[in-house]
Each structure stands twice: as structure tokens, then as C-alpha cells.
Amino acid sequence: DAPEFRKARRIDIDLDEGETLFVPGGAPHLVVNLTDSLAFAGNFLDESNFEDAMKDIRAMAAMEEAKRQSASKAYGDQASDAAGPMAGLVAAIEEIDFEADKAMHEDHLPGRMLAVR
């Protein structure tokens with residue numbers, strides 16, 4: 001399936017306090033905390049991964065819908081008619097009006113909004 005896999009090599013990275021590592025979507029990775037840690041993780045959409053991410057999200061929404069329809073056939077009225085959370089996510093993302101000439105990272109939040117106390 002992945003003929004290039006044998007060329008893959010492990011990379012070890014030690015991050016210090018306050019540092020951030022960007023792991024591209026779909027990249028296999030392992031995190032080992034060397035001390036007690038608090039981590040924040042998130043998934044980001046931008047022009048570099050938007051189309052691939054939306055393809056994945058739409059596929060997950062389609063799987064949800066197929067499961068819902070299967071349950072509806074099996075259980076009739078007892079099954080939910082509501083769309084799943086991935087369908088809601090697709091709808092919400094499609095409503096966003098992205099400014100083509102401005103990346104989201106160009107708007108910076110002041111430090112006081114980034115700290116949790």
C-alpha cells in the first residue's frame with residue numbers, strides 16, 4: 001500500500017516550555033511527556049490543507065448518514081432523524097466567508113486573551 005514507507009525515518013524532538021510543534025494533518029506521531037505537562041492541541045484549516053480536510057470531513061459525514069439510514073431501517077421510528085455532528089460541521093465551515101487576501105493568522109489576539117487563569 002505504501003511503497004515509500006520503508007524510507008520513513010523517526011525524528012525525535014524535545015520541546016522546551018513555550019515552544020510549539022506543528023504536525024501536519026495525517027502525519028503519524030507519538031508524544032511522550034517527560035514531565036507533568038499541560039498540552040493544547042487543535043486542528044487548523046488554512047489554504048494548505050483546506051481541500052483535503054473538507055474531503056475527510058465530508059467522508060465522515062457520509063459515514064454518519066449511512067449509519068443513521070441503516071439504524072432507521074432497522075429500528076424505524078426509534079432511530080433519530082437528526083443529522084450527525086460531522087454534517088453540522090460541514091454546514092458550519094461552508095458558511096464561513098474566508099477573505100482570499102487575508103490569512104487567519106494575520107489577526108493576532110492580545111496576550112491577555114491567550115492566557116487562562
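A polar contact is a pair of N or O atoms within 3.5 Å; within protein, one atom must be able to donate a hydrogen and the other to accept it, and residues adjacent in sequence count only if both atoms are side-chain atoms. This is a predicted model, in which local features need pLDDT of at least 70 and side-chain atom pairs count only at pLDDT 80 or more, while totals for chains, interfaces and linings use all residues. Residues are numbered from 1 along each chain as its sequence is written, and side-chain values use heavy atoms, with hydrogens and water left out.

**Exercise 1.** Find the polar partner of the backbone nitrogen of D16, and describe its setting.

*Solution.* Start at the backbone nitrogen of D16: a polar atom of the E19 side chain lies 2.5 Å away. Next, place E19 in the chain: the segment before α1 holds it. Helices are DSSP runs of H or I with at least four residues, strands are runs of E with at least two, and both are numbered from the N terminus. Finally, check exposure: E19 has a relative accessible area of 42%, so it is partly exposed. The scale calls a residue buried under 20% relative accessible area, exposed over 50%, and partly exposed in between (1.4 Å probe, protein chains only).

**Exercise 2.** Work out which elements build the largest nonpolar core.

*Solution.* A nonpolar core is a set of buried Ala, Val, Leu, Ile, Met, Phe, Trp, Tyr and Cys residues joined through side-chain atoms within 4.5 Å. First, list the members: the largest such core has 6 residues, namely M54, I57, A61, M86, V90 and I93. Then look for elements giving two or more residues to this core, and you find α1 and α2 (85–95). Now zoom in on I57: leaving out residues up to four places away in sequence, I57 touches M86, L89, V90 and I93. Touching here is contact, meaning heavy atoms within 4.5 Å.

**Exercise 3.** Decide how the buried residues of α2 are arranged around its axis.

*Solution.* Begin with the names: M86, V90 and I93 are the buried residues of α2. They sit on the same side of α2 because their arc around the axis is only 70 degrees, taken from the directions from the helix axis to the C-beta atoms. Those buried residues pack against α1. Turn to the face pointing away from the buried side, and you meet the exposed residues P85 and E95.

**Exercise 4.** How many helices and strands does the protein chain have?

*Solution.* Count both kinds: there are 3 helices and 0 strands. Along the sequence, this reads α-α-α. To finish, consider burial: 8% of the 117 residues count as buried.
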